[in-house]
Amino acid sequence: MSYLESRKNIAGSACGLFGLVLTFTGVAGAYWPVVVAGLYGAGALIAPPERPARPDFPDPSAQLDALRADFEKLRAYLADVELSVTAAARLREVTDLLAALLERGWVAELLAHDPESVHVLARVVRRDLPEAVDTFVRTRWWTRMAPGTDPPELHLERQLGLLKAESEQLAAGLRAVEERRQESHTRYLEERGGSV
């Protein structure tokens, strides 16, 4: 059934119809079946091949929706973890920044056009932040069993600081895109109507 709708069959049929026109005008003569079949075969051979269907990947806005859902799961997990005051404050800074980046609106629209930023954000939400907190929880248990080593809070605070810096860098990159857009619009207006 798919061959009937294929480019090869359509091109072959068009050439075969041309062969029938030649037959009815008397040009093909007694060999009309060979002419029609030959023209059909030639049309089928010269037709471009069928292209496979392009894979349907989710668009970045759908990826952001899934990322928002994962972030809500992460927040529920983080709410149950006991942290020191300093680590809790750093964690709040990171999650507030991530929440602002994942908020619906113009930031999400800007993120949707930057797959690399979506990847960085997904890595922080789905892997880096949960891993940092989970490792802290497990290491804290072992530290209670064998005191005298570096407190795991120090490592967690350092990791949260690094994650905050990475998220701030992502936000700064998005801000730079908007600044360039604003400057570009200013230049356009100046060129269009003269500078003020």
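## A salt bridge within helix α7

E178 has a relative accessibility of 23% and therefore counts as partly exposed; this value, like those that follow, comes from a predicted model. The side chain of E178 forms a salt bridge with R181, and the closest N and O atoms of the two are 3.5 Å apart. Both E178 and R181 belong to helix α7, where they stand three residues apart, or about one turn of the helix. R181, at 57% relative accessibility, counts as exposed, since the cut-off for that class is over 50%.

## A network of shared partners

In addition to that pair, R123, R127, D128 and E166 are joined into one network by salt bridges that share partners. Within this network, R127 forms a salt bridge with D128, with 3.3 Å between the closest N and O atoms. The surroundings of these two residues can be described separately: R127 is exposed at 51% relative accessibility, whereas D128 is buried, because its relative accessible area is 19% and buried means under 20%.

## A salt bridge between α4 and α7

The model has a count of 13 salt bridges, and one of them, with an N to O distance of 3.3 Å, brings together the side chains of K164 and E93. Because K164 sits in helix α7 (residues 152–193) and E93 in helix α4 (residues 85–102), this pair ties together parts that are 71 residues apart in sequence. K164 is partly exposed, its relative accessible area being 24%, and E93 also falls in the partly exposed class, at 37% relative accessibility. In general terms, side chains of opposite charge can pair when their charged atoms come close.

## How α4 packs against α7

The axes of α4 and α7 come within 9 Å and cross at roughly 25°, so α4 runs roughly parallel to α7. The crossing of these two helices is left-handed. On the α4 side the contact is made by T86, A87, R90, L91, E93, V94, L97, L98 and L101, and on the α7 side by L156, E157, L160, G161, K164, S167, E168, L170, A171 and L174. Sorted by class, the residues of this contact comprise 11 nonpolar, three polar and five charged. E93 and K164, the salt-bridge partners described above, are included in the contact.

## How α3 packs against α4

Helix α3 (residues 60–79) also packs against α4, their axes coming within 11 Å and crossing at roughly 160°, which means that α3 is roughly antiparallel to α4. The crossing of α3 and α4 is left-handed. In this contact L64, L67, R68, F71, R75 and L78 of α3 meet L91, T95, L98, A99 and L102 of α4, and the contact divides by class into eight nonpolar, one polar and two charged residues. L91 and L98 of α4 are listed in this contact and also in the contact of α4 with α7.

## The surroundings of K8

K8 lies in helix α1 (residues 7–24), and at 29% relative accessibility K8 counts as partly exposed. Although K8 and P49 are 41 residues apart in sequence, their C-alpha atoms are 7.2 Å apart in space. When neighbours within four places in sequence are set aside, K8 is in contact with Y3, G43, A44, L45, A47 and E50.

Conventions:
Residues are numbered from 1 along each chain as its sequence is written. This is a predicted model: local features need pLDDT of at least 70, side-chain atom pairs count only at pLDDT 80 or more; totals for chains, interfaces and linings use all residues. Side-chain values use heavy atoms; hydrogens and water are left out. A salt bridge is a side-chain nitrogen of Lys or Arg within 4 Å of a carboxyl oxygen of Asp or Glu. Helices (H or I, at least four residues) and strands (E, at least two) are DSSP runs, numbered from the N terminus. Buried means under 20% relative accessible area, exposed over 50%, partly exposed in between (1.4 Å probe, protein chains only). Axes are lines fitted to C-alpha atoms, for helices over the stretch in contact, and angles run from 0 to 180 degrees between N-to-C directions. Angles under 35 degrees count as roughly parallel, over 145 as roughly antiparallel, 65 to 115 as roughly perpendicular and the rest as oblique. A crossing is left-handed if the near helix is turned anticlockwise from the far one by less than a right angle, and right-handed if clockwise. Contact means heavy atoms within 4.5 Å. Ala, Val, Leu, Ile, Met, Phe, Trp, Tyr, Cys and Pro count as nonpolar, Asp, Glu, Lys and Arg as charged, and the others, Gly among them, as polar.
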